[in-house]
Amino acid sequence: MSYTVIVPARIRFTAQILLFLVLTQIYLGALVAGLDAGRIYNTLPLIDGAFIPSFDRLFFEQPVWRNFFENPLLVQFQHRMLAYVLVLLALAHQLDATHQPLDIVALGQEVRVDQWRGRRVGAGQLDAATAFRAQQADM
């Protein structure tokens, strides 16, 4: 018996954005490690005394695009700000996904799983067979 979980497009899109941002964060982490920016700017939440460093310290190299790859302060700032964005987006995604009713298609029948039975979905552990049997028992 096979089951298909139909996930809303918004949830899929947010998951894809999260994947892209996590890969970008890994890339920025490699830049931070290569420039030793984590050793230079190692205070949290402030970076060298300010939450957002001054513009002239972030963009002092010419051409400007080199700052994004070779300026340890800007690289560390990008890495840290993306981490904040990732945490907030992941929490919002988790809340959205766990409060979203799911559709499970089983044997050509659509079965609606409410948020209480689908609570484990946030951890990716929805047991479709159990949910299907519980729904059938309620009918």
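Accessible areas here come from the Shrake-Rupley method with a 1.4 Å probe, and for residues only the protein chains shown count as cover.

**View 1. The surface and burial of the whole chain.** This is a predicted model, in which local features need pLDDT of at least 70 and side-chain atom pairs count only at pLDDT 80 or more, while totals for chains, interfaces and linings use all residues. Residues are numbered from 1 along each chain as its sequence is written, and side-chain values use heavy atoms, with hydrogens and water left out. The chain exposes about 8900 Å², of which carbon and sulfur atoms supply 65%. Of its 139 residues, 28% count as buried (under 20% relative accessible area, with a 1.4 Å probe and protein chains only).

**View 2. Confidence along the chain.** The mean pLDDT (the predictor's confidence in each residue, from 0 to 100) is 78, and 68% of the residues reach 70 or more. Among the elements (DSSP runs, with helices being H or I of at least four residues and strands E of at least two, numbered from the N terminus), helix α1 (residues 9-35) has the highest mean pLDDT, 93, and strand β3 (residues 109-113) the lowest, 51. Where pLDDT is low, the predicted coordinates should not be read in detail.

**View 3. Helix α5 and its packing.** The end C-alpha atoms of helix α5 (residues 72-98) are 39 Å apart, in agreement with the 39 Å that its 27 residues should span at 1.5 Å a residue (the expected span being 1.5 Å times one less than the number of residues). Its buried residues, including L74, F77 and M81, pack against α1, α2 (37-40), α3 (55-58) and α4 (67-70).

Technical notes
Buried means under 20% relative accessible area, exposed over 50%, partly exposed in between (1.4 Å probe, protein chains only). Contact means heavy atoms within 4.5 Å.
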